[in-house]
Amino acid sequence: MNENEKILGDERRQLIVDTLQTSDKPITGRILGEMTNVSRQVIVGDITLLKAKNEPIVATSQGYIYMHVQAAPRRIEKTIVCKHTPDQTMEELNIFVDNGVTVKDVKIEHPVYGDLSASIMVSNRNEVKEFIKRIKEADAIYLSKLTEGGIHLHTVLADDEEYIRKAEEALRKADILVE
């Protein structure tokens, strides 16, 4: 195949699935587009079609990941309610990750749209830094700004309940945890 030749339709989507399944880190739409010689917008459409076919692909702030079915021990999952200013977002996320907790998503209750959620998937300070950078570069607003008082929920994951308990204690001390 010619290096600059576009990979078409089903073949391209299969390559996307294969690539995501074998990757141990998120892959951006730009990189997938470069691999297949199509635009990022085409990749976004492909991902939508793959999701419609029940492929477990999740869009994160770092790129796309394939959610493998794991036989490994189940991680503890909990929903935590938080409230803070936008300027405290990095502090909040770092409290979670510094205590061994992954922040899976953020959810709000919007007065018009109802429940809204967005994937975050950060588990270390580098990923938090990258997430905040992308928010700023996109001039995006945090979902918490769309609520009265900034109240929002995070679904968090940890290997041990103690990690979540310690994160909650640190959030309490920072006056971020809502109880």
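**Questions on a predicted protein model**

Reader: In what pattern do the helices and strands follow one another along the sequence?
Author: This is a predicted model, and its protein has six helices and six strands. Read along the sequence, they give the pattern α-α-α-β-β-β-α-β-β-α-β-α.

Reader: What share of the contacts with a separation of 6 or more comes from residues 24 or more positions apart?
Author: The protein has 179 residues, of which 36% are buried. Its C-alpha atoms fill a box of roughly 60 × 40 × 30 Å along the principal axes. Among contacts with a separation of 6 or more, the share from residues 24 or more positions apart is 72%.

Reader: Which strands are at the edges of the open sheet?
Author: The open sheet is formed by four strands in the order β3-β6-β4-β5, with antiparallel pairing. An edge strand pairs on one side only, and this applies to β3 and β5.

Reader: Which residue of β6 stands opposite Asp105?
Author: Strands β4 and β6 run antiparallel and are joined by five bridges. Asp105 lies within the range of β4, residues 102-110. The residue of β6 that stands opposite Asp105 is Thr155.

Reader: At about what angle does α6 run to β3?
Author: Helix α6 covers residues 161-173 and strand β3 residues 76-83. The helix lies across both β3 and β6, and its angle to β3 is about 5°.

Reader: Why is helix α4 described as largely enclosed by the rest of the structure?
Author: The helix spans residues 89-98. Its buried residues are Thr89, Glu92, Leu93, Asn94, Ile95, Phe96 and Val97. The cover over them includes the strands β3, β4, β5 and β6 and the helices α5 and α6. Helix α4 is largely enclosed because the buried residues number seven of its ten.

Reader: Which residue just after α4 takes a positive phi?
Author: Helix α4 comprises residues 89-98. Just after it, a positive phi of about 80° is found at Gly100.

Reader: Is Thr36 buried or exposed?
Author: Thr36 belongs to helix α2, residues 29-36. Leaving aside neighbours within four places in sequence, Thr36 is in contact with Glu5, Lys6, Ile7, Arg12, Leu15 and Ile43. A residue counts as buried when its relative accessible area is under 20%. Thr36 has 1% relative accessibility, so this residue is buried.

Reader: How far apart are the centres of the positive and negative side chains?
Author: The protein exposes about 11000 Å², and carbon and sulfur atoms supply 49% of that area. The protein has 24 positive and 30 negative side chains, and the distance between the centres of the two sets is 1 Å.

Technical notes:
Residues numbered from 1 in each chain as written. Predicted model: local features only at pLDDT ≥ 70, side-chain atom pairs only at ≥ 80, totals over all residues. Heavy atoms only, no water. Helix = DSSP H or I, 4+ residues; strand = E, 2+ residues; numbered from the N terminus. Buried < 20%, exposed > 50% of the residue type's maximum accessible area, 1.4 Å probe, protein only. Contact = heavy atoms within 4.5 Å. Areas by Shrake-Rupley, 256 points an atom, 1.4 Å probe, with all protein chains shown as cover. Lys, Arg positive; Asp, Glu negative; His and termini not counted. Charge placed at Lys NZ, Arg CZ, Asp CG, Glu CD. Pairing = 2+ DSSP bridges. Axes fitted to C-alpha atoms, helices over the stretch in contact; angles between N-to-C directions.
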